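Me: I am new to this structure and would like to understand the labels used for it. Could you take me through the reasoning behind them?

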Amino acid sequence: MLLEAIAGRLKELRAKKGVSQEIVYEDTGIHIGKIETARYNITVSTLSKLCNYYGTSLKEFFNELDQ
């Protein structure tokens, strides 16, 4: 399922950055917990903000999902 794939990719990016969900929230104002468990349907604007935070583009984010 796409939502689960997005959630998994976001978890990977957060782990790579070495930050907790709490730190992501403090830095972005985004509650990542529900997003990372695929219980929340993320908007494109929120995904874009998270991609910027993790230092990737939306294109790179989705290219990684395809592999």
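Me: Why is Arg9 called buried?
Reply: Happy to help! This is a predicted model. Buried means under 20% relative accessible area, and Arg9 has 13% relative accessibility, so Arg9 counts as buried.

Me: What makes Glu12 count as partly exposed?
Reply: Exposed begins over 50% and buried lies under 20%, with partly exposed in between. Glu12 has 49% relative accessibility, so partly exposed is the label for Glu12.

Me: How do you know that Arg9 and Glu12 meet in a salt bridge?
Reply: The cut-off is a side-chain nitrogen of Lys or Arg within 4 Å of a carboxyl oxygen of Asp or Glu. For Arg9 and Glu12 the N to O distance is 3.3 Å, so the pair fits that rule. Both residues lie in helix α1 (residues 2-17), 3 residues apart, which is about one turn of the helix.

Me: Why is the pairing of Glu36 and Arg14 called a salt bridge too?
Reply: Their side chains meet at 2.7 Å, N to O, and the limit is 4 Å, so the name applies. This pair links distant parts of the chain: Glu36 sits in helix α3 (residues 32-36) and Arg14 in helix α1, 22 residues apart. Glu36 and Arg14 are both buried.

Me: How many salt bridges does a search of the whole structure find?
Reply: The search finds 2.

Me: Which residues does Arg9 touch, not counting those up to four places away in sequence?
Reply: With that exclusion, Arg9 touches Phe61, Glu64 and Leu65.

Methods
Residues numbered from 1 in each chain as written. Predicted model: local features only at pLDDT ≥ 70, side-chain atom pairs only at ≥ 80, totals over all residues. Heavy atoms only, no water. Helix = DSSP H or I, 4+ residues; strand = E, 2+ residues; numbered from the N terminus. Buried < 20%, exposed > 50% of the residue type's maximum accessible area, 1.4 Å probe, protein only. Contact = heavy atoms within 4.5 Å.
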